[in-house]
Each structure stands twice: as C-alpha cells, then as structure tokens.
Amino acid sequence: MISNLLLPAPMSVRSGTLALRRARHDDLVGLMALLADDAISAGRGDRAVSSDADLYESALLELMADRSNEILVVVGEDDYPLATMQLTRIPGMARRGSTRLLIEAVRVAGESRSSGIGTAMMKWALEVAAPAASASLVQLTSDSQRTEAHRFYERLGFVGSHRGFKFQIE
C-alpha cells in the first residue's frame, strides 16, 4: 500500500463527481465483472463466474496485503466499481536508483467508457500517486491489439518507447 495516498479522492468526470478508493473485499464481484468486460481479457480466461471467485479472491487479498501494490476502484453513489487499476511501486537500480510506478489492469466498465473516467484515473495516477510513491517514471504495458488504448495513453503523454515481451508459464 502506498501509505501516503489520501483516499478516497474525488474524480470529476462528464457526468459529475465519482470517488476513487482502495478496493475492498466486497468489490470482488465488481472487479471480476470489469476484467471480464473486455474481449482481450475474456479471451485469456477472465470470466465473471462464481466458480473462479476463489482464484480472484486469493489474488485480491494478496495484493491488498502487499505494501507495494494498490488495487483502486472508481465508484458512483451506489459504491459499485465502474473502473479499476492496479498500481505497483517498483524500486530499482537503473536510472540512478529510480523508483517506478507501474500501472496495470486498467479497466472501465463498457457502459462508462468515453465518460472521462479513464482520463481522470490516469491523471490522478500521474499527478498524485506517482509523487506519493516517490516515482520518477510511470510505466504501463498494453496489449499490442489495443490500438485505441495506445492512442489514449499517447494523448496523456505516454511514449511507446519500449517493446515488451512475455513468457506464459503453463
């Protein structure tokens, strides 16, 4: 947990003001739905089915207990997750001992896309979370098929400077 983050934080979007807060155990179903509400993630096995709940619950509890990670959700008045992102603080030796903030698993519910939630989340991560984590670099990866997401990140000032590789462990 990046301990000096002041949460919940207000998020101004086109429809009004939402709240960004740390995920809680009772957000599990909403988080599963956000992950499954994405064709690429669904193709990798993210499904919002009760038979997978134990797997997601274990991951959520582990992430919530890890001081280097934050699982955040954006919620409306009903307190149900409309969006999520994972932040990971990575201390490092490269770049003269720089700390990085990694942004992963950014998801906005289908019916809430193009509402300003994604922009508000990312600006908050850059302007608030990165300084709180003492990060001098914010990085993320995005599947090569997500061309709209790439344009979105570039509009926010991210530069596609590296090529990422993954190795699937069976």
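I began with the side chain of Arg21, which makes a polar contact of 2.7 Å with the side chain of Asp27. I note here that the model I am reading is a predicted one.

Next I looked for a further partner, and I found that a polar contact of 3.1 Å joins the side chain of Arg21 to the side chain of Asp79.

I then checked where Arg21 sits along the chain, and it belongs to strand S2, which covers residues 16–22. Is Arg21 buried or exposed? Its relative accessible area is 8%, and because buried means under 20%, I entered Arg21 as buried.

I also listed what surrounds Arg21, leaving aside its neighbours within four places in sequence, and the residues in contact with Arg21 include Leu7, Pro8, Ile71, Leu72, Val73 and Val75. Asp27 and Asp79 are on that list of contacts too.

After that I turned to helix H3, which runs over residues 53–65 and has 13 residues. From its first C-alpha to its last, H3 reaches 18 Å, which is close to the 18 Å expected at 1.5 Å a residue.

Which residues of H3 are buried? I found Ala53, Tyr56 and Leu60. Seen down the axis of H3, these buried residues fall within an arc of 70°, so they line one face of the helix.

I looked at what that buried side meets, and its residues pack against helix H1 (28–36) and strand S3 (69–75). On the face of H3 turned away from the buried side, I noted the exposed residues Asp54, Leu55, Glu62 and Ala65.

How values were computed. Residues numbered from 1 in each chain as written. Predicted model: local features only at pLDDT ≥ 70, side-chain atom pairs only at ≥ 80, totals over all residues. Heavy atoms only, no water. Helix = DSSP H or I, 4+ residues; strand = E, 2+ residues; numbered from the N terminus. Buried < 20%, exposed > 50% of the residue type's maximum accessible area, 1.4 Å probe, protein only. Polar contact = N/O pair within 3.5 Å; in protein donor to acceptor, adjacent residues only side chain to side chain. Contact = heavy atoms within 4.5 Å. Expected span 1.5 Å × (residues − 1). Arc of directions from axis to C-beta.
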